[in-house]
Amino acid sequence: MSEVLVMRSVYLPAALDAELRQIAHDKGVSKSDLIRTAVALKAKEWRGDNTGKKLDNDVQAGLRASGRQTTVKTVKPVAVSRKPRAKGAGHVD
């Protein structure tokens, strides 16, 4: 049984995209497979750090390297939407 994949779009600096393209070509894998592997490994590393410092440090380093903001904003996770209830269902007058 194959895993369900979800489409995510990210913007990469052109130089990083070219580097990923070359690495993927050299290794005989797709850029998508390369990116999925890197994200999965990094997420596992972050989850293993109970202090959250590794994630904070990595995010700050990435922001500095890209010349973007140097403060991390906390974003509340979005609730998973559920199937809408039928009109009037569960409503009591």
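Start by selecting helix α2, residues 31-47, which is part of what covers the buried residues of α1. Keep in mind throughout that this is a predicted model.

**The whole chain**

Zoom out before going further. The protein chain holds three helices and zero strands, and from the N terminus on its elements run α-α-α. Colour by confidence next: the average pLDDT of the protein chain is 83, and 74% of the residues score at least 70. Among the elements, α1 has the highest mean pLDDT, 96, and α3, residues 53-66, the lowest, 88. Now colour by accessibility. Of the 93 residues in the protein chain, 5% count as buried.

**Helix α1**

Select residues 14-27. This is α1, a helix of 14 residues that reaches 20 Å from its first C-alpha to its last, close to the 20 Å expected at 1.5 Å a residue. Which residues of α1 are buried? Show the side chains of D17, L20 and A24 to find them. Turn the view to look down the axis of α1: these buried residues fall within an arc of 60°, so they line one face of the helix. Then go to the other side of α1, where A14, A15, H25 and D26 are exposed.

Stay on this helix and pick I23, which is found in α1. Is I23 buried or partly exposed? Its relative accessible area is 35%; because buried means under 20% and exposed over 50%, I23 is partly exposed. To end this stop, step just past α1 to G28, which takes a positive phi of about 70°.

**Where α1 meets α2**

Select α1 and α2 together. Their axes come within 9 Å and cross at roughly 105°. Angles of 65 to 115 degrees count as roughly perpendicular, and the two helices, α1 and α2, are therefore roughly perpendicular to each other. On the α1 side, the contact is made by D17, L20, R21, I23 and A24; on the α2 side, by K31, L34 and I35. The buried residues D17, L20 and A24 are thus among those of α1 that make this contact.

For one distance across the pair, mark I23 and L34. They are eleven residues apart in sequence, and their C-alpha atoms are 8.4 Å apart in space.

**Where α2 meets α3**

Hide α1 and add α3 to the view. How far apart are the axes of α2 and α3? They lie 8 Å apart, and the helices pack at an angle of about 135°. That angle makes α2 and α3 oblique to each other. Show the side chains that make the contact: K42, E45 and W46 from α2, and K54, L55 and D58 from α3.

**Helix α3**

Now isolate α3. This helix has 14 residues and reaches 20 Å from first C-alpha to last, close to the 20 Å expected at 1.5 Å a residue. Pick D56, which lies in α3. With a relative accessibility of 43%, D56 counts as partly exposed.

Bring W46 back into view and draw a distance from it to D56. In sequence the two are ten residues apart; in space they are 9.3 Å apart, C-alpha to C-alpha.

The last selection is G67, which follows α3 and has a positive phi, near 75°. Compare G28, just after α1, where phi is also positive, at about 70°.

Technical notes:
Residues numbered from 1 in each chain as written. Predicted model: local features only at pLDDT ≥ 70, side-chain atom pairs only at ≥ 80, totals over all residues. Heavy atoms only, no water. Helix = DSSP H or I, 4+ residues; strand = E, 2+ residues; numbered from the N terminus. Expected span 1.5 Å × (residues − 1). Buried < 20%, exposed > 50% of the residue type's maximum accessible area, 1.4 Å probe, protein only. Arc of directions from axis to C-beta. Contact = heavy atoms within 4.5 Å. pLDDT = per-residue confidence, 0-100. Axes fitted to C-alpha atoms, helices over the stretch in contact; angles between N-to-C directions. Parallel < 35°, antiparallel > 145°, perpendicular 65-115°, else oblique.
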